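Welcome, and please get your viewer ready with a cartoon view and side chains you can switch on as you go. We will move from one selection to the next and look at what is there.

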Amino acid sequence: MLLEKMLQSQGFGSRKHCQQLIKNGAISIQGELIDNPKHKLNLQDLTFSVYGHEYRYREKVYIALNKPQDYECSHQATHHFSVFDLFDDILLNRGIQCVGRLDQDTTGLLLLTDDGQFLQALTHPKKHVAKVYQMTTADPVTDEQIQQLEQGVELRNEKGTFAATDIVRLDENRLQMTIHQGVYHQVKRMLAAVGNKVEQLHRAQIGALALNELPIGEWTYLDAGQVAQAKFRTE
């Protein structure tokens, strides 16, 4: 791939802008300044620097964000911040999108990518990618409510029943459970269907990919193994 095209693919701006960066002496590869926009590159394990800042070539980007409260999963946030405010222009230029959505008041694991196939693999209703949620409820969670959630509840304007698995009572008003669909406000609606209310909601895991120790408001790139974990499906 030509140097100018590589830079454009990585989010450094238009082709003309990338050409200008190269001619300005901004680009180095393995310590060597490259000032020819038509310089041919081997993309395998390619690292490069732009004005001294080092980058790694990524054909596609896969990102895990620990989403804070009061952030919307929209470029045009109306009443709160946008999660896209947490990323620099280079990533935004790549057209990253949220893989599904979390409500503004929901925290936890949010994936973003510029890979349309990956996005489809995780959001299509038939894929059954498991998602683990932790929640605080308005009232103590009863054994009867847990049994109802395990057996499945009906949700208004949705077909079929919706059940949770691997339900763990963390304490009197805190619950962890796994869902396998992804309809609108599913967890909140399921708790409402059994006579309770979600006060706080946090997503801890998607597929086999867990949030772990990523600080709130921070993000990290996912490697190939982690991408495969996120796509883990259950039937």
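**Stop 1: strand β14 and its partners**

Select V168 and Q176: Q176 in β14 is the bridge partner of V168. Bear in mind as you look that this is a predicted model. Now widen the selection to the two strands: β13 covers residues 165-171, and its antiparallel pairing with β14 runs over four bridges. Follow the chain from β13 into β14 and you pass through a hairpin of two residues.

Next, colour residues 131-137, which make up strand β10; six bridges join β10 to β14, and the two run antiparallel. For a pair to click on here, take M135, whose bridge partner in β14 is L175.

Stay in β14, which spans residues 174-179, and pick T178. Is T178 buried or exposed? With a relative accessible area of 7%, T178 is buried. Show its surroundings, and beyond the neighbours within four places in sequence you will find contacts with A130, K131, V132, A163, A164, T165 and D166.

**Stop 2: an open sheet of four strands**

Move to the open sheet whose strands are ordered β2-β1-β3-β4, with antiparallel pairing. Its edge strands are β2 (32-33) and β4 (53-56), each pairing on one side only. Within the sheet, select β1 (residues 27-29) and β3 (residues 47-50), which are antiparallel and joined by two bridges. I27 is a handy one to label: opposite it in β3 stands V50.

**Stop 3: salt bridges**

How many salt bridges are there to look for? The count is seven, and three of them make good stops.

Start with K38 and E4, whose side chains meet at 2.7 Å, N to O. K38 sits in the loop between β2 and β3 and E4 in helix α1 (residues 3-9), so you are looking at distant parts of the chain, 34 residues apart. E4 is buried at 0% relative accessible area, whereas K38 is partly exposed at 43%.

Then select R94 and D114, a salt bridge with its closest N and O atoms 2.9 Å apart. R94 is in the loop between α3 (89-93) and β8 (97-98), and D114 is in the loop between β9 (106-113) and α4 (116-123). Both residues, R94 and D114, are buried.

Finish with R169 and D143, where the closest N and O atoms are 2.6 Å apart. Because R169 belongs to strand β13 and D143 to helix α5 (residues 143-151), this pair ties together parts 26 residues apart in sequence. R169 is partly exposed at 36%, and D143 is exposed at 58%.

Conventions: Residues numbered from 1 in each chain as written. Predicted model: local features only at pLDDT ≥ 70, side-chain atom pairs only at ≥ 80, totals over all residues. Heavy atoms only, no water. Buried < 20%, exposed > 50% of the residue type's maximum accessible area, 1.4 Å probe, protein only. Contact = heavy atoms within 4.5 Å. Pairing = 2+ DSSP bridges. Salt bridge = Lys/Arg side-chain N within 4 Å of Asp/Glu carboxyl O.
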